[in-house]
Amino acid sequence: MLILKTIAETQSACAQIRGEERILGLVPTMGALHEGHLSLVRAARSECDVVAVSIFVNPTQFGPNEDFGKYPRTFDEDCALLEREGVDLIFAPTVEEMYPSGASTFVLVEGVSERLDGASRPGHFRGVTTVVSKLFHIVGPHMAFFGQKDAAQIVVLRKMVRDLNCPVHLIVQPIVREMDGLALSSRNRYLSEKERRQALVLHRALQKVEEAVALGEKSSSKLIETTRVVFAEEPDVRIDYIAVVNPDTLENVPDIKDGALVAVAAFVGTTRLIDNTVI
Ligand code: AMP
């Protein structure tokens, strides 16, 4: 397994792989890897000849008062996990390598970038689309693998790929959960034992939505009310948003007749968690 820190080395290694007509897959991550990330790696392993994983805690997608400084960094363990999964190449640049002083070009997908997490975290998706397009230019993958856990991110990236004609096929993998339903997240490491229990309310709320839909409920406002009732069981958990939206545009929909994405974000203590279900 190659571990590369510079853009020049990575660009040339990846150009050689593509030159040999081998299918190259990229799994972009911020490290602190868990089974959710590994599900993407396994999908890439099964679809591609060569698997590259990037590990980069991207400062441009964090707000000024967010957790960039304390985001978990577990590089050695990450490398050991990826080696075991048969990954071929890790690209792990420094912040200076990715954003040398004076860098002032950003990629912004207007509209969708301001919805859901983009509304709660201004500038977040501009950071995501900027770093992902840089990674696409550096690695030049045929396929890139992302998790449904970050549902709004998928919508923003799909639009970026379409609008900018990126020659990359996006593959989305389902949310990986703990046995008790909590969606895996690098940020779950921040939770105390008590918060870990409280955090289950996100999944419970979405399960109630699924049950209500199975019983015939179609109204978005009724479904949102259903989630609020469940969230009320954990008064310490602060709802950031509960949204029933069009899965392609992230715009609110009045009902779920044509299908919808139900997404929630909430603060458990100071930790912001997200989860979603497609109905
Ligand atoms: P991150 O390191 O948090 O930026 O995540 C890297 C990739 O892993 C993103 O495409 C995420 O959507 C995906 N991911 C994170 N958590 C999960 C999960 N529980 N299940 C599936 N994919 C996930």
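Which element gives the largest share of the lining of the largest cavity? Hold that thought for a minute, and let me set the scene. What you have in front of you is a predicted model.

The domain assignment splits the chain in two, with domain 1 covering 2–173 and domain 2 covering 186–278. Their C-alpha centres sit 26 Å apart. At the contact between them, domain 1 puts in 23 residues and domain 2 puts in 20.

OK, back to the opening question. The answer is E9, which supplies 3 residues to the lining of the largest cavity. That cavity holds about 70 Å³ of space, and it's one of 2 cavities of 30 Å³ or more in the structure. If you want to find it on your screen, go to Lys-149, then look at Gly-181, Leu-182, Ala-183 and Ser-185, which are among the lining residues. Also in that lining are Asn-188, Ala-199, Leu-202, His-203, and then Leu-273, Ile-274 and Asp-275. Two elements give two or more residues here, helix H9 (200–214) and E9. Sorted by class, the lining comes out as 6 nonpolar, 4 polar and 2 charged residues.

Let me pick one residue from that wall, Ala-183. You'll find Ala-183 in the loop between strand E6 (169–173) and helix H8 (193–198). Is Ala-183 buried or exposed? It counts as buried, because its relative accessibility is 6%, and the cut-off for buried is under 20%. Setting aside its neighbours within four places in sequence, Ala-183 is in contact with Lys-149, Ile-175, Val-176, Arg-177, Asn-188 and Asp-275. Three of those names should ring a bell: Lys-149, Asn-188 and Asp-275 also line the largest cavity. For a sense of distance, Ala-183 and Ala-260 are 77 residues apart in sequence, and their C-alphas are 19 Å apart in space.

Another residue in that loop between E6 and H8 is Leu-191. Leu-191 is buried too, since its relative accessibility is 12%. Beyond its neighbours within four places in sequence, Leu-191 touches Arg-196, Ala-199, Val-268, Thr-271 and Leu-273. Ala-199 and Leu-273 are in the largest cavity's lining as well. Compare that with Ala-212: it's 21 residues from Leu-191 in sequence, and 30 Å away in space, C-alpha to C-alpha.

Now for the second largest cavity, at about 60 Å³. Here, too, E9 gives the largest share of the lining, 3 residues. H7, strand E8 (261–268) and E9 each put in at least two. Among the lining residues are Leu-116, Asp-117, Asp-150, Ala-152, Tyr-241, Leu-261 and Ala-263. The class split is 7 nonpolar, 1 polar and 4 charged. Both domains are in on this one, with at least three residues from each of domain 1 and domain 2.

Leu-116 is a good bridge to the cores. The largest nonpolar core has 47 residues, and Met-98, Leu-116 and Phe-136 touch the most other members. That core also takes at least three residues from each domain. Which residues is Leu-116 in contact with, leaving aside neighbours within four places in sequence? They are Ala-152, Tyr-241, Ala-243, Val-245, Leu-250, Leu-261 and Ala-263. Of these, Ala-152, Tyr-241, Leu-261 and Ala-263 line the second largest cavity along with Leu-116. There's also a second, separate core of 24 residues, and it includes Leu-182, Leu-206, Val-230 and Leu-273. Leu-182 and Leu-273 you've already met in the lining of the largest cavity.

Last stop, the largest pocket. About 1000 Å³ of space lies in it. It's lined by 50 residues, and Met-30, Gln-61, Tyr-71, Asp-150 and Arg-187 are the closest to its centre. Asp-150 also lines the second largest cavity. Several elements give two or more residues to the pocket lining, including strand E2 (24–29), helix H2 (35–47), helix H7 (151–163) and strand E9 (271–278). The largest share, though, is from H6, with 6 residues. By class, we get 22 nonpolar, 18 polar and 10 charged. And once again the lining draws at least three residues from each of domain 1 and domain 2.

So, to go back to where we came in: E9 gives the largest share to the lining of the largest cavity, and E9 does that for the second largest cavity too. In the largest pocket, that role goes to H6. Thanks, everyone.

Methods. Residues numbered from 1 in each chain as written. Predicted model: local features only at pLDDT ≥ 70, side-chain atom pairs only at ≥ 80, totals over all residues. Heavy atoms only, no water. Core = buried A, V, L, I, M, F, W, Y, C linked by side-chain atoms within 4.5 Å. Buried < 20%, exposed > 50% of the residue type's maximum accessible area, 1.4 Å probe, protein only. Domains from an automatic or database assignment. Contact = heavy atoms within 4.5 Å. 1 Å grid on protein atoms, 1.4 Å probe; cavity = no way out; pocket = protein on both sides within 12 Å on 5 of 7 lines; lining within 4 Å. Points joined across faces, edges and corners; volume = space filled by probe spheres on them. Helix = DSSP H or I, 4+ residues; strand = E, 2+ residues; numbered from the N terminus. Nonpolar A, V, L, I, M, F, W, Y, C, P; charged D, E, K, R; others polar.
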